Amino acid sequence: MANNRYSLRRVRENAHPLYRRINSDRGAKKITHYRAPKFAILSDDIFEVVDYEVVYRTISTRFWKLASEHYGDASLWWVIAYFNKKPTEFHSKLGDAIYIPEQWEIIYNSIIEGDERYN
């Protein structure tokens, strides 16, 4: 399988009776889809281990922009979101502190080590 964002996800086959009509319309007996990922929960101790910079949310703040500025890679926006326990920047209010971990690898590794699929 190609190395993409779903390559490590588990697959589920759904043959639940609730979907019988949808499956029938599609000429299928079941639907195969990816399971939602389960992420490790970061402990509050992580703030003692990781150096971080604090910025304050403005109307133009976007996690992808911050990741691009601080890491040189906009695709690492999720590290900032995860570190702040906010799925998107819109889960914060204007003026809220946003913590940008300087060592994004520590956050990444703490998620990976908490998932048995990556061991």
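How much area does the protein expose, and what share of it do carbon and sulfur atoms supply? In this predicted model, the protein exposes about 8800 Å², and carbon and sulfur atoms supply 51% of that area. Of the 119 residues in the protein, 25% are buried.

**Overall layout**

- The protein contains five helices and four strands.
- Read from the N terminus, the order of elements is β-α-β-α-β-α-α-β-α.
- Among contacts between residues at least 6 apart in sequence, 63% join residues at least 24 apart.

**Nonpolar core**

- The largest nonpolar core has 19 residues, and those with the most contacts inside it are Leu66, Tyr71, Ile80 and Ile107.
- At least two residues of this core come from each of helix 3 (63-71), helix 4 (77-83), strand 4 (97-101) and helix 5 (104-113).
- Helix 4 contributes the most to this core, with five residues.

**Phenylalanine 83 and isoleucine 107**

- Phenylalanine 83 is part of helix 4.
- Phenylalanine 83 counts as buried because its relative accessibility is 2%, and buried means under 20%.
- Leaving aside residues up to four places away in sequence, phenylalanine 83 touches Leu42, Ile46, Phe47, Val50, Tyr52, Tyr99, Pro101 and Ile107.
- With the same sequence neighbours left out, isoleucine 107 touches Leu42, Ile46, Val50, Val79, Tyr82, Phe83 and Pro101.
- Leu42, Ile46, Val50 and Pro101 thus appear in the contact lists of both residues.
- Phenylalanine 83 and isoleucine 107 are separated by 24 residues in sequence, while their C-alpha atoms are 7.1 Å apart in space.

**Helix 3**

- The buried residues of helix 3 are Phe63, Leu66, Ala67 and Tyr71.
- These buried residues lie on the same side of helix 3, because they cover an arc of only 100° around the axis.
- Two of them, Leu66 and Tyr71, are also among the residues with the most contacts inside the largest nonpolar core.
- Glycine 72 follows helix 3 and has a positive phi, near 75°.

**Nonpolar surface patch**

- Leu18, Tyr19 and Ile22 form a nonpolar patch on the surface, and together they have about 280 Å² of accessible area.
- Isoleucine 22 of this patch is located in helix 1 (residues 20-26).
- Isoleucine 22 is classed as partly exposed because its relative accessible area is 37%, which falls between the 20% limit for buried and the 50% limit for exposed.

Technical notes:
Residues are numbered from 1 along each chain as its sequence is written. This is a predicted model: local features need pLDDT of at least 70, side-chain atom pairs count only at pLDDT 80 or more; totals for chains, interfaces and linings use all residues. Side-chain values use heavy atoms; hydrogens and water are left out. A nonpolar core is a set of buried Ala, Val, Leu, Ile, Met, Phe, Trp, Tyr and Cys residues joined through side-chain atoms within 4.5 Å. Buried means under 20% relative accessible area, exposed over 50%, partly exposed in between (1.4 Å probe, protein chains only). Contact means heavy atoms within 4.5 Å. The arc is that of the directions from the helix axis to the C-beta atoms. Patches are made of residues with over 30% relative accessible area and no salt bridge: like charges are joined within 9 Å, nonpolar side chains (Val, Leu, Ile, Met, Phe, Trp, Tyr) within 5 Å. Accessible areas come from the Shrake-Rupley method with a 1.4 Å probe; for residues, only the protein chains shown count as cover. A salt bridge is a side-chain nitrogen of Lys or Arg within 4 Å of a carboxyl oxygen of Asp or Glu.
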